[in-house]
Amino acid sequence: MQQLTQRLEDLSVGNEVLDADHRSIHAATARLAACTTETELRHHLSTVLELSKIHFRREEKYMQVARFPHAKIHAGQHARFLNTLRHYHNVTEPGFLLLIKPDLEEFLDGWLIDHVLSADKAYQSYMIRSAPELAALAREARSAAQQAQ
Ligand SMILES: [Fe+2]
Ligand SMILES: [Fe+2]
């Protein structure tokens, strides 16, 4: 797992914005491992959920702009992952998250690494080919975010 984790850190899917998203989600899942209380776990799980939602929305938009032909199947994988996370997050039984913490860590790490190495990596050449359009999209998003501040 350590080697795969390092590979994920070094891996590019052909777009620096998406690469940065992957590193952030990975860092958030790594922080989850250090949690010792139910409250901390729930908080970090919310962070992973939010970062994933933002990333998937962006990635799905980029796949559309890059005319990646398998975008719909890919988006289905994202939706299933979010449903699983929401399911864990919504269980309110005291002690549940701490009980399943090892499984949760394995699921998050495993899913992220598998998904990036297979599904995300499959769109790499499309992202590279559409780099100018995607860079313009990223600039627009940055300026909209600055104006909102
Ligand atoms: Fe993806
Ligand atoms: Fe991704």
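Begin with the largest nonpolar core, a set of buried Ala, Val, Leu, Ile, Met, Phe, Trp, Tyr and Cys residues joined through C-beta atoms within 7 Å. Select Leu32, Val48, Tyr62, Ala66, Tyr123 and Met127, which touch the most other members among its 22 residues. At least two residues of this core come from each of H2, helix H3 (38-65), helix H5 (96-120) and helix H6 (124-129). Buried here requires 20 or more other C-beta atoms within 10 Å of a residue's own, with C-beta atoms placed from the backbone.

The model is predicted: local features need pLDDT of at least 70 and side-chain atom pairs pLDDT 80 or more, while totals for chains, interfaces and linings use all residues. Residues are numbered from 1 along each chain as its sequence is written, and chains are lettered from A and ligands numbered from 1 in the order in which they are written.

Next, select residues 16-32, helix H2, whose 17 residues reach 25 Å from first C-alpha to last, close to the 24 Å expected at 1.5 Å a residue (1.5 Å times one less than the number of residues). Colour Leu18, His22, Ile25, His26, Ala28, Thr29 and Leu32, the buried residues of H2. They lie on the same side of H2, because they cover an arc of only 160° around the axis, taken from the directions from the helix axis to the C-beta atoms.

Now centre on Leu32. Leaving aside residues up to four places away in sequence, Leu32 touches Leu41, His44, Leu45, Val48, Glu105 and Leu108 (C-beta atoms within 7 Å).

Finally, display the whole chain, which has seven helices and zero strands (DSSP runs, H or I of at least four residues and E of at least two, numbered from the N terminus).

Notes:
Buried ≥ 20, exposed ≤ 12 C-beta atoms within 10 Å, placed from the backbone. Contact = placed C-beta atoms within 7 Å.
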